[in-house]
Amino acid sequence: MILDYETLKLIWWLLIGVLLIGFAITDGMDMGVGVLLPFLGRTDDERRVIINAVGPHWDGNQVWLITAGGAIFAAWPAVYAAAFSGFYMAMLLVLFALFFRPVGFDYRSKIADPRWRNTWDWGLFVGGLVPALIFGVAFGNLLQGVPFHLDEFLRSHYQGSLLGALLPLLNPFALLAGVISLLMLALHGAMWLQVRADDPVAARARKIAVPLALAVAAAFALAGLWVAQGIDGFRVVTHPPFDAPSNPLAKTVAVERGAWLAIYQTVPVAVLAPIFGFAGILFAAGLSLLRRPGLGFVASALGMAGIIATAGLSMFPFVLPSSTDPGSSLTLWDAASSPLTLTVMFWAAVIFLPIVLSYTVWCYVRMWGKVTVAGVRASGPAAY
């Protein structure tokens, strides 16, 4: 079967969305647990229980981020180049924060000194907090547009200095998006701790899950109202054929209020994304109260998928809008690699993505048992 260029572009937009959602559900859970670590674990044994709930698989979950980054580089090289110019300092901040995780997980329990262990507990907190917040801030800035333009040779130029690149990203709407990201990952981590940890850690996670869920739902609703009433969206006015060779400067783009909501009128089924976002988060809270953490974890994952899909669908077909030169904005139609590249990658994804998904599900099913205080005590100064 040979797929046409237009179909391949659309398929890779969907696949990259799946990879980003997979990263949020898997590694986002580890980040959420890290954020909750200093607050739900009141003794050293309880904190070891929390760490052991994610320690055996956190590095495997982070592969989703590496895979998503590689897919963006191969499928949308122009997006990769422009995004790393605009978000360079933010990406470095995320990278430095992530350094705390491998060292914290592997060396935290090697020395019994309380000061040593407490330091790495807060290091794991930073390693969860900063990426969760920055990824949300990045999405918030995408909805407002990134200050870059393309020259006649299609080279991207970011409008800003290297040292001053971070502060403009921390605007009010972007910070709200960051708060949504942080809260929903913390909720996801709380649901996982109810599955994996024994009381009293699980009881504390259960107690905090409902306030977190309500906060996520409220912040998500506020962001929706803000997008509808306070942010100008982007709309493609004219565009060359979708199967034409990629040329971002061949289109014209209009900036107007409410443009990000157009897809919900042209494709009404898209409204299922925000519905899943709200329903999944609220069902997770209800199932937590009913002490059904397994189903609650699945509901939380569906809620996160709905929230991320809402952002992606609202921007369709834009991938990286430009706030300074709307005509330079990159869409899935004009930022894609060659047909050969997309075809080869497509068949690789068809073969390997189901294997990765199956292995991920198998790992979670295999680790569904409880981590207890007695268990971590018996292990002595083990890896975690």
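In this predicted model, the chain has an average pLDDT of 86, and 92% of its residues score at least 70. Confidence varies among the elements of the chain: the lowest mean pLDDT, 63, belongs to helix 14 (residues 373–379), whereas the highest, 94, belongs to helix 11 (residues 272–289).

Helix 11 was examined with respect to its length, its buried residues and its surroundings. At 1.5 Å a residue, its 18 residues should span 26 Å, and the end C-alpha atoms of helix 11 are 25 Å apart, which agrees with that expectation. The buried residues of helix 11 are Ala 273, Pro 274, Gly 277, Gly 280, Ile 281, Ala 284, Ala 285, Leu 287 and Ser 288, and what covers them includes helix 8, helix 9, helix 10 (263–266) and helix 12. Phe 283 also lies in helix 11, but this residue is exposed, because its relative accessible area of 56% exceeds the cut-off of 50%. Between the C-alpha atoms of Phe 283 and Asp 27, which stand 256 residues apart along the chain, the separation is 21 Å.

Just after helix 11, Arg 291 adopts a positive phi of about 60°, a sign of phi that is noted here in a residue other than glycine. Arg 291 is placed in the loop between helix 11 and helix 12, and with a relative accessibility of 57% it counts as exposed.

Helix 3 (residues 58–75) was considered in the manner applied to helix 11. For the 18 residues of helix 3, a rise of 1.5 Å a residue gives an expected span of 26 Å, and the end C-alpha atoms are 26 Å apart, in agreement with it. Buried in helix 3 are Trp 58, Asn 61, Gln 62, Trp 64, Ala 68, Ala 71, Ile 72 and Ala 75. These residues cover an arc of only 165° around the axis, and they therefore lie on the same side of helix 3.

The largest nonpolar core contains 104 residues, of which Trp 12, Trp 76, Trp 192, Leu 193, Trp 260, Leu 320 and Leu 330 touch the most other members. The element that gives the most to this core is helix 1 (residues 5–40), with 18 residues.

A polar residue within a loop was also examined. Asp 151 lies between strand 1 (148–150) and strand 2 (156–158), in the loop that separates these strands. Its relative accessible area is 10%, so Asp 151 is buried, the cut-off for this class being 20%. The side chain of Asp 151 is joined to that of Arg 155 by a polar contact of 2.8 Å. When neighbours within four places in sequence are left aside, Asp 151 is in contact with His 157 and Leu 249.

Cis peptide bonds were found before two proline residues in loops. The peptide bond from Asp 199 to Pro 200 is cis, with omega near 10°, and Pro 200 lies in the loop between helix 8 (172–196) and helix 9 (201–230). Phe 316 and Pro 317 are likewise joined by a cis peptide bond, for which omega is about 0°; Pro 317 is located in the loop between helix 12 (293–315) and strand 5 (318–320).

Technical notes: Residues numbered from 1 in each chain as written. Predicted model: local features only at pLDDT ≥ 70, side-chain atom pairs only at ≥ 80, totals over all residues. Heavy atoms only, no water. pLDDT = per-residue confidence, 0-100. Helix = DSSP H or I, 4+ residues; strand = E, 2+ residues; numbered from the N terminus. Expected span 1.5 Å × (residues − 1). Buried < 20%, exposed > 50% of the residue type's maximum accessible area, 1.4 Å probe, protein only. Arc of directions from axis to C-beta. Polar contact = N/O pair within 3.5 Å; in protein donor to acceptor, adjacent residues only side chain to side chain. Contact = heavy atoms within 4.5 Å. Core = buried A, V, L, I, M, F, W, Y, C linked by side-chain atoms within 4.5 Å.
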